[in-house]
Amino acid sequence: MQTKELRLALVCYGGVSLAVYMHGLTKEVWKLARASMRRHHPVDAPPLPPARDSEMVYQALLDAIPGLDLRVICDIVAGASAGGINGVLLARALVEGHDLDQIRTLWLDGADSDRLLDPAAASRPLSKLWAIPLVWWVRRRGLAAEDRAEVAAHAEVQKKLSRFMRSRWFKPPFSGGAFSELLFDAFMAMQTGEQTPPLVPRLHPFDLFVTVTDYHGAPQRLAIHSPALVTEPEHRLVIGFTCPGDGEERHVGETPELVFAARATASFPGAFPPARVGEIDTLLHRHAAGWPGREAFLARILPGRAEPERVDLIDGAVLDNRPFGPALAALGRRPAHREVDRRFVYLDPKPGMHDPGEGQDQPPGFFATILRSLADIPRQQPIRDSLDTIAALSNRARRLRHIVIGMIPQVDAAIDAAIGMRLLLFSPTVARLADWRSRMNSEAARGAGFAYGAYGRLKMATVMDALAARIAAAGGLPEEAVRRALWRHVNAAGLAPPEAATAKGGAGSAHVLFLRQHDLDFRIRRLRFLIRRVNMALVGTDDVNAARLGVVKAGLHDILGPHVVRSHVHRLGAETRAACALALEDPAAALTAMSEALDLRALDETSDTRLVALMSGLPRRLRRDLLSGYLGFPFFDIAILPLIADGGMDELDEIKVDRVSPDDCMALAGVGGRQLKGALFRAFGAFFSRAYREHDYLWGRLHGAERMIDLVVSSLPERNQPTAETLVGIRREAFRAIVAAERPHLKDIEETFAALDAALDAERPGD
C-alpha cells in the first residue's frame, strides 16, 4: 500500500464573536486528526478512548481508500484575534492529546456579554438616563435591518445589548481579567477530558503563531545608506511556539504562556483593555499556580524590553488579520517521510464582511469613515498578497520541473559516457554506488566549466549559513557574529575556493572533505530529487511496476527522515553545545563538534546500504532510471540551486490553498446555516444570546465536517475518489452524527434541529 500525508497549515482569521463558529470549525480539524491518529496507533499500546460522532465517519473514510494509506496531520497553526484563540486551543489539543470536547460549555456559557462585562463598567438600570436616547437610536435606527429585526424578536438580545450600551463610555466595557479567567478555565478543562497520544507524530515539528499589536511599539534600529542607522517603532508582533520533532515529549508551551498569547491576540480595541503580563500574574496568584518559564518567555517574545510588564498588547487583527506570513516561513523546516500534499487552509468566518457597493450612492459620513478606516478596512484587506506569494512558489516549482525534464536526456548521456553499460550489467553495491557517485560528482564539476565557480561559492555559502544558524542556536550566540567567525576560519584554512574540486585529485581536496562533513542539505536535496524522479516514473506505468515503485518511494522517504532529523538543534548533546558556545573564540572546535554530531559519513553508509537494497529487486530498466536520477543529481543541482537558494529546501513542491467559510458549504445551504448569528451587530452578535452561540457552534461543526471531507477526497488520486453519490452519503452520515452528538447539549435551537432533521430525513430514500 502506498503512503501519503495530507498536511494542513491552518490560518485562522479574526471575527470577534464569530470565535464560537470557529470553535466548531477547529473541532472538526481536531476530529479528523484524531481519526487519522487512530489508524496508526500501535496495537500493543494502551487502548484509546472510543471514537465519537464525526470522528468515526472520518476514520471510515480513511479506511475505505483502496491502495493508499493517507495520514492527515495539522502541523502549522497561525491565527489572529478570534482565530488566534481557537488556534491556541487547537494547538494544545493537537500536540498534547487534550480534549476539545471539554470546552463546549465554556464557549456557550462564557462568551456572553454579561459574563464578560467589567463589574466596574456596568451601570444600574436607571443610570445614564442621558444615554437612553442614544441607545434607542442605535437599536432602532443605527443598526442594519437584520440587526433591528433580531432586537425586536429576541428579548434577551434587547436586554443585553441595552446593558452593553449603558456600560461606561470611553473605557473598555469588557473585563480583561474575566477574559483571561475564561481562557485559563478552558485549558484546565481540556486536561480533564479524555487523553490520547499526540496527533502530531513525535518526529514531526509543530508551529503555532498568533499575531498581536504592540501598542507603543518596540524601537528597531535599521541600517540604511544615510544616515547609517535610523530608529523606528515596530508594532507588529508574532508570538510563536515551536514543538521540535526530536522524539521527546510533546509540549507546545506552558499554560500561562498560551493564556497570555490568546488573551493578547484577541484584545479587540475598545471592547477589551490592552493585555499586560500583570493580568496573568494576578490570575495565577488567584489559582495558586506557578509559571516557571515566565522570564524566558518574556525575553523571547519581547526581546530587549527593560520592563516587559509595562508593554501593552492589543488585537493582532489590527495589523495582521490573515497571518499567512509566519505559516509560510515555517514550511522549510518540515521533514518528508512520505509523499506530501501540502495545503494552506484558511478559516474565514465572514467572507466579504461588507458589500463593496454598500452605501456608494453617497459619500461616507464622519463617524463611518473613522470606524471603517480604524477597524474594518485593515481587517478586511484581501489576502491577494499572500496568495500571490504562494502562487509564485508554485509557479517556480512548475518552472523548475520544466528545467529538470529538459535536462534529463543530456544528463543521461553524460552518465553513459562516464559509466556506460555497467549501470545495466552490474547490480549496485555499496562500494559501486560510492564509486559511481564520486565519479559523477567530479564529472559534473568539470562539465559545468566556468559556471561551477559560481555554483561552488553559492553552495559553500548555503552550507556556512546553515552551520552558523545551528551553531548560534546551540550555543546561544548572535548568528551574524558566528557567521563571521566561521568564515574567517574557513578562509584562513583555505577551505572555501570551489576550484579545488575540479583540480587533479579534487575528490580528496580539503574543500570537498569539508562539504562531505557538513553539507547535509545537499544530501536532502538529492533524496527529494530522487523521490520526484520516482513520481515521474509512476506516470503511465503498469500496475506491477507501480507497486514496485511505490515500495521504492516509501523506502526513500524512510531514508530521508534521519537526514532531516539530523538538522534539529534540539538533538545536540551537552558537549556539542559547549563547543558551540565558544564558537566566537574557537570556530574550528565548533565546526569539529558539529561535524561529529552530524556524523554524515555513517549516515551515508547507512543510506547507501538501504538504497542498494531498494534497487536490488527492480527490473534493469527501472533500476537504471533511478540510478541515473541519483548519480546525475549534481548536474541538476548546479542548474537549480541558484534558482532556489533564497527559498526552502523543497521548492519543487506546489502548495494548494483551500478556504473554509459559510459561503463554501452548500450541502445544507437550504437549511439556512450560511447566516451566522455572530455576524450581527458588527460581529458582536453571539455575545448577546446563548441561542446565537449554539446556532453558530453547531453550524461551525457542520461546515467543518463538510470541508474536511472535501479536503480528504481532493487529496486522493482520481481513481481513488468516491463517486458524487457516495460523497453525498459520507457527508450526510457526518451531519447526522454531529446532530445526534450535539442535541443533548444545545437546548435553545430546537427550530434549527427540526430543520436539519427534515433536510437529512428527506435524503434517506437514497441511502
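Here are some numbered notes on this predicted model, written for a colleague who has the structure open.

1. Let us start with confidence. Mean pLDDT for the protein chain is 84, with 85% of its residues at 70 or more. Two stretches deserve a cautious eye. Over residues 124-137, pLDDT stays under 50, and the model has 16 contacts there beyond four places in sequence. Residues 354-358 also stay under 50, with four contacts beyond four places in sequence. Where pLDDT is low, the predicted coordinates should not be read in detail.

2. Now the overall make-up. The chain has 767 residues, of which 54% count as buried. Its secondary structure comes to 31 helices and seven strands. Among contacts in the chain with a separation of 6 or more, 80% join residues 24 or more positions apart.

3. For a helix enclosed by its surroundings, please look at H10, residues 255-265. Here 11 of the 11 residues are buried, so H10 is largely enclosed by the rest of the structure. The buried set includes Glu 257 and Arg 263, along with Leu 258, Val 259 and Phe 260. The other buried residues of H10 include Thr 255, Pro 256, Ala 261, Ala 262, Ala 264 and Thr 265.

4. Strand S3, residues 206-223, holds Phe 206. Phe 206 has a relative accessible area of 0% and therefore counts as buried, the cut-off being under 20%. Its C-alpha atom is separated by 7.4 Å from that of Gly 245, which is 39 residues away along the chain.

5. Next, two helix pairs that are worth viewing side by side. Helix H29 (residues 690-714) packs with helix H30 (residues 724-742) at an angle of about 150°, and their axes are 10 Å apart. That angle makes H29 roughly antiparallel to H30, because angles over 145 degrees fall in that class. The crossing of H29 past H30 is right-handed. On the H29 side, the contact is made by Tyr 697, Leu 698, Arg 701, Leu 702, Ala 705, Glu 706, Ile 709, Asp 710 and Val 713. From H30 come Leu 727, Ile 730, Arg 731, Ala 734, Phe 735, Ile 738, Val 739 and Glu 742.

6. The second pair is helix H21 (residues 520-538) with helix H26 (residues 620-631), packed at an angle of about 150° with axes 9 Å apart. H21 and H26 are therefore roughly antiparallel to each other. H21 passes H26 in a right-handed crossing. H21 contributes Arg 526, Phe 529, Leu 530, Arg 533 and Val 534 to the contact, while H26 contributes Asp 625, Leu 626, Ser 628, Gly 629 and Tyr 630.

7. On to charged side chains. The count of salt bridges comes to 47. One of them is within a helix: Glu 96 pairs with Arg 92, with the closest N and O atoms 3.2 Å apart. These two residues are four apart in helix H3 (residues 82-96), which means that about one helical turn separates them. Glu 96 and Arg 92 are both buried.

8. A salt bridge with a long reach in sequence joins Asp 341 to Lys 656, where the closest N and O atoms are 3.6 Å apart. Asp 341 sits in strand S6 (residues 339-347) and Lys 656 in strand S7 (residues 656-660), so the pair links distant parts of the chain, 315 residues apart. The two partners fall into separate exposure classes: Asp 341 is buried at 6% relative accessibility, whereas Lys 656 is partly exposed at 43%.

9. Which helices does the salt bridge between Asp 465 and Arg 483 tie together? The pair meets at 3.0 Å, N to O. Asp 465 belongs to helix H18 (residues 451-475) and Arg 483 to helix H19 (residues 479-492), so the bridge ties together parts 18 residues apart in sequence. Asp 465 is partly exposed, with a relative accessible area of 35%, and Arg 483 is buried at 17%.

10. Finally, a network to trace in the viewer. Salt bridges with shared partners join Lys 27, Glu 28, Lys 31, Asp 53, Asp 101, Arg 104, Arg 701 and Glu 742 into one network. Arg 701 of H29 and Glu 742 of H30 also appear among the residues that make the contact between those helices.

How values were computed: Residues are numbered from 1 along each chain as its sequence is written. Side-chain values use heavy atoms; hydrogens and water are left out. pLDDT is the predictor's confidence in each residue, from 0 to 100. Contact means heavy atoms within 4.5 Å. A salt bridge is a side-chain nitrogen of Lys or Arg within 4 Å of a carboxyl oxygen of Asp or Glu. Buried means under 20% relative accessible area, exposed over 50%, partly exposed in between (1.4 Å probe, protein chains only). Axes are lines fitted to C-alpha atoms, for helices over the stretch in contact, and angles run from 0 to 180 degrees between N-to-C directions. Angles under 35 degrees count as roughly parallel, over 145 as roughly antiparallel, 65 to 115 as roughly perpendicular and the rest as oblique. A crossing is left-handed if the near helix is turned anticlockwise from the far one by less than a right angle, and right-handed if clockwise.
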